[in-house]
Structures are given as structure tokens and as C-alpha cells.
Amino acid sequence: MDYVKTADVAVAMVEAGRRKIALAPRDLLIRGMLSGAILGVATSLAFTGAVQTNVPLVGALIFPVGLVSIVLLGLELVTGSFALVPLPWLEREAGASSVLVNWGWVFIGNLVGSVAYGALLAIALTNMGTAAPAGVAARIVQIAELKTTGYAAIGFAGLVTCFVKAMLCNWLVCLAIVLAMTTTSTIGKIACAWMPIFIFFAQGFEHSVVNMFIIPTGMMMGAKVTVADWWLWNQIPVTLGNLVGGFTFTGLAIYMTYKPRAAGKVLAPTPTGVPAE
């Protein structure tokens, strides 16, 4: 009985965008840092499950705990903001500069939180650099290289592949965030958010904040990746792909078909006598 209709969800999406734009930089940074760290924790836990069981699908089942925690706490994740924050701009209630400033502060917060957790985990997994990466640490190093020099090895095709995987990823991530708005119960929000996140992680799509953890952490533990490799072959194209996918396929699409109509508008009758929408 706690289901929220999609038309009401569209209203909630616009309101969520308004609230996010109204947040002060200090709050965006703190909430962004917590989100980055939480996604790092979820990613390392997912890798642990996959390595211990040798079943990658186990990791995909575990990973959604991160996004669910972020949704329930109302924290800031730039990938989710790609879908929601532009909506007040479309409603002509905010300027484009406000949208960009919001994204900028949250992106920085996510980056700081992800790298900070990665540094702590690298110390824990390698005994502060005195032990060679093994198990989960070795897996992080391997994936960091695959996500950067792996794409670089095939040139332009690698960039396009990376970008498309990022689009698909954030379509699902933003779908998870919106689906969580279709229910008012905690259990309902967990279930609704879990499904799309499981799908994206199981298929190896590219998430910019997850990569803010994986790639620098792998670099700290010996991955043969430079800072230029990280940003040129992954972080920049993945962030742009996340923006396009999240905003176009989720935020804009749902807003366009379910956006609230002007108050007092009279609907014209159809030949059947039913007002046309």
C-alpha cells in the first residue's frame, strides 16, 4: 500500500533537484565524501565476495548495499545528480550555472571520499606496502589496469566502448534512485534500488565514482597506470557517459512524459468523450 504513482514520482524528482541545488557547498562536500567512501566500501566488499567464491555474480549481489545506504541517508552522488539536478533548470527555476556548481562540488566530494577510503584500504591490504598485493588487492590492481590501459590498447574504440558502458551504467543507477521514490517504506526502497544496481555491476558497466576508488587504489598498490591514463582513458569519458545516460534515459525521459501539467489547464475532449492527456 506504499506505492507512489509515477506522476507523483516525477514531482518528487523535481523537488529533489530543488533541494540539492539549495544545499551549501559545505554540505555537498561532506555528503559527497561520505558517498564516495561508501561506494568504495561496497566495491571492495563485492570484490571480496567474488574472489572468495570465484563467482563474479556474488559480487554483483553484494554491491548494491552501497547505493542503498546512500539513498536511505540522503547523501550526494554526482551520478544521481546528473538526472535530478537539471530538472529545476528545465522548469526555469534555476540557472545552468547553479547546476554546474552543484555537480562540481559533489564530484570533488565523491573523489576525495573515494581516494581517502582507497588509501586506507591499500594500507590494510598490503600491510602498509610491505606485502605484495594478493587476493582482493591483486584483483583491484588487475581491474584498474583493464579500465585504463586496457581501453588505451584499442585506441578510439576503447574510448567509445568506455563511454557507452558509462551511459548504460548511469541509466540503471539513476533508475535505481528514481525507483526508490516509488515507495515510502524502507524495505521497499531497498528492494527497488537493489535491482538496477545489481544489473549494472553484473555486466561490468562503468561508474565514475566507483572508478574514483578502483583506479587510484590500484595505482597505490602497483598498477601500471599513470594519472593521465586514469583521467584520459577512463575518468573523463566515463563521467561524460554517466551524464548523458543518467540525464537522457532517466531524468529527462521521465520528466518529459510525466511532468506536472500547468494548473487550471482544461483538457480537450476526444471523440469518445474522454479528455485527452
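Good morning. I begin with Arg-92, which is exposed, with a relative accessible area of 79%. The structure before us is a predicted model, and every value I quote was computed from it.

Arg-92 sits in the loop between α6, residues 86–90, and α7. Its backbone has a positive phi of about 60°, although Arg-92 is not a glycine. Asn-54 is likewise not a glycine, and its phi is positive at about 60°. Asn-54 is found in the loop between α2 and α3, the latter being residues 56–62. Is Asn-54 buried or exposed? With a relative accessibility of 67%, Asn-54 counts as exposed, because the cut-off for that class is over 50%.

Asn-54 also comes directly after a helix, for α2 is followed by this residue. Helix α2 covers residues 25–53 and has 29 residues. From its first C-alpha to its last, α2 reaches 42 Å, close to the 42 Å expected at 1.5 Å a residue.

The next helix to consider is α7, which covers residues 96–126. Which span should its 31 residues have, at 1.5 Å a residue? The expected span is 45 Å, and the end C-alpha atoms of α7 are 45 Å apart, so the two values agree. After α7 comes Asn-127, with a positive phi near 50°. A related case is α4, residues 65–73, which is followed by Gly-74, where phi is positive and near 70°.

Let us stay with α4 for a moment. Which residues of α4 are buried? They are Gly-66, Leu-67, Val-68 and Ile-70. One general point about helices is useful here. An α-helix has 3.6 residues a turn, so residues three or four places apart point the same way. The buried residues of α4 pack against α2, α10 and α11, the last of these being residues 186–202.

I turn now to two polar or charged side chains in the interior. Asn-102 lies in helix α7. Asn-102 has a relative accessible area of 3% and is therefore buried, the limit being under 20%. Leaving aside residues up to four places away in sequence, Asn-102 touches Lys-20, Ile-21, Leu-28, Ser-81 and Val-85.

The second is Glu-76, in the loop between α4 and α5. At 2% relative accessibility, Glu-76 also counts as buried. What does Glu-76 touch, not counting residues up to four places away in sequence? Its contacts are Lys-20, Leu-23, Leu-28, Arg-31, Gly-32, Ser-35, Ser-81, Val-106 and Asn-110. Glu-76 and Val-4 are 72 residues apart in sequence, and their C-alpha atoms are 23 Å apart in space.

The next topic is aromatic rings. A pair of aromatic rings is described by the distance of the centres and the angle of the planes. How many aromatic pairs does the structure hold? There are nine. In one of them, the rings of Phe-82 and Trp-103 have centres 5.1 Å apart and planes at 90°; the pair is edge-to-face because an angle over 60 degrees falls in that class. This pair links distant parts of the chain, with Phe-82 in helix α5, residues 78–84, and Trp-103 in helix α7, 21 residues apart. Both Phe-82 and Trp-103 are buried.

Another pair joins Trp-171 and Phe-249, whose ring centres are 5.7 Å apart and whose planes meet at 70°, so this pair is edge-to-face too. Trp-171 belongs to helix α10, residues 156–179, and Phe-249 to helix α13, residues 227–258; the pair therefore ties together parts that are 78 residues apart in sequence. Trp-171 is partly exposed, at a relative accessible area of 36%, and Phe-249 is partly exposed, with a value of 36%. Ring pairs also link Phe-47, Phe-63, Phe-200 and Phe-201 into a cluster.

Finally, I come to the internal space. The count comes to one cavity of 30 Å³ or more, and the largest cavity has a volume of about 40 Å³. Which residues line the largest cavity? The lining consists of Leu-39, Phe-63, Leu-67, Leu-77, Val-173, Ile-197, Phe-200, His-207 and Val-210. By class, eight of these are nonpolar, one is polar and none is charged. Phe-63 and Phe-200 belong to the ring cluster and appear in this lining, while Leu-67 is one of the buried residues of α4 and lines the cavity as well. Thank you for your attention.

How values were computed: Residues numbered from 1 in each chain as written. Predicted model: local features only at pLDDT ≥ 70, side-chain atom pairs only at ≥ 80, totals over all residues. Heavy atoms only, no water. Phe/Tyr/Trp six-rings, centres within 6.5 Å; stacked < 30°, edge-to-face > 60°. Helix = DSSP H or I, 4+ residues; strand = E, 2+ residues; numbered from the N terminus. Buried < 20%, exposed > 50% of the residue type's maximum accessible area, 1.4 Å probe, protein only. 1 Å grid on protein atoms, 1.4 Å probe; cavity = no way out; pocket = protein on both sides within 12 Å on 5 of 7 lines; lining within 4 Å. Points joined across faces, edges and corners; volume = space filled by probe spheres on them. Nonpolar A, V, L, I, M, F, W, Y, C, P; charged D, E, K, R; others polar. Expected span 1.5 Å × (residues − 1). Contact = heavy atoms within 4.5 Å.
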